[in-house]
Amino acid sequence: QFKLVESGGALVQPGESLRLSCAATGFTLDYYAIGWFRQAPGKEREEVSCISSSGGSTNYADSVKGRFTISRDNAKNVVYLQMNSLKPEDTGVYYCAAPGEPVPTCPMAKHYGMDYWGKGTLVTVSS
């Protein structure tokens, strides 16, 4: 059974860092582009970042560019989201997602749609 599990969310102060992890079970991530999304209270879910299956291509929302870094370790079947210089507006539930088929690039994943989602991990940035 395909499953994605996020971890690493916490309550932190502005300016601090967190690293989120997205672990896959039931399938290998090697051939999948993976995206990180977030949903703030009262807002729609938005894409934060995406990484190609090889890790060679990444993209970021303008709001997190220069602060967040997405990476992956295919040997460990995990995708990470390093978040630095966190701001209160980064608060939300963070989800990782994969397309339903082994699609290697982010544009293709966006085209086909993300079918597998984790349950999310809560990040709260507050003083």
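# Exercises on a predicted model

Read along the sequence, the chain of this predicted model runs β-β-β-β-β-β-β-β-β-α-β-β.

**Exercise 1. State how many helices and strands the protein chain has, and place the helix in the order of elements.**

Step 1. Take the count: one helix and eleven strands.
Step 2. Follow the pattern β-β-β-β-β-β-β-β-β-α-β-β. The α is followed by β-β, which ends the pattern.

**Exercise 2. Work out how compact the protein chain is for its 127 residues.**

Step 1. Take the radius of gyration, 14 Å.
Step 2. Set it against the globule rule, which gives 14 Å for 127 residues.
Step 3. The two values are close, so the chain is as compact as a globular protein of that length.
Step 4. Add the extents: the C-alpha trace spans about 40 × 30 × 25 Å along its principal axes.

**Exercise 3. Describe burial, surface and contacts in the protein chain.**

Step 1. Buried means under 20% relative accessible area. Of the 127 residues, 43% are buried.
Step 2. Turn to the accessible surface, about 6600 Å². Carbon and sulfur atoms hold 49% of it.
Step 3. Consider contacts with a separation of 6 or more. Residues 24 or more positions apart account for 59% of these.

**Exercise 4. Characterise the largest pocket by volume and lining.**

Step 1. The space in the largest pocket is about 160 Å³.
Step 2. Find its lining, which includes Arg38, Lys43, Glu44, Arg67, Lys87 and Asp90. Also among the lining residues are Gln39, Ala40, Ser63 and Thr91.
Step 3. Sort the lining by class: eight charged, three polar and one nonpolar.

Notes: Residues numbered from 1 in each chain as written. Predicted model: local features only at pLDDT ≥ 70, side-chain atom pairs only at ≥ 80, totals over all residues. Heavy atoms only, no water. 1 Å grid on protein atoms, 1.4 Å probe; cavity = no way out; pocket = protein on both sides within 12 Å on 5 of 7 lines; lining within 4 Å. Points joined across faces, edges and corners; volume = space filled by probe spheres on them. Nonpolar A, V, L, I, M, F, W, Y, C, P; charged D, E, K, R; others polar. Helix = DSSP H or I, 4+ residues; strand = E, 2+ residues; numbered from the N terminus. Rg over C-alpha atoms; globule rule 2.2 N^0.38 Å. Buried < 20%, exposed > 50% of the residue type's maximum accessible area, 1.4 Å probe, protein only. Contact = heavy atoms within 4.5 Å. Areas by Shrake-Rupley, 256 points an atom, 1.4 Å probe, with all protein chains shown as cover.
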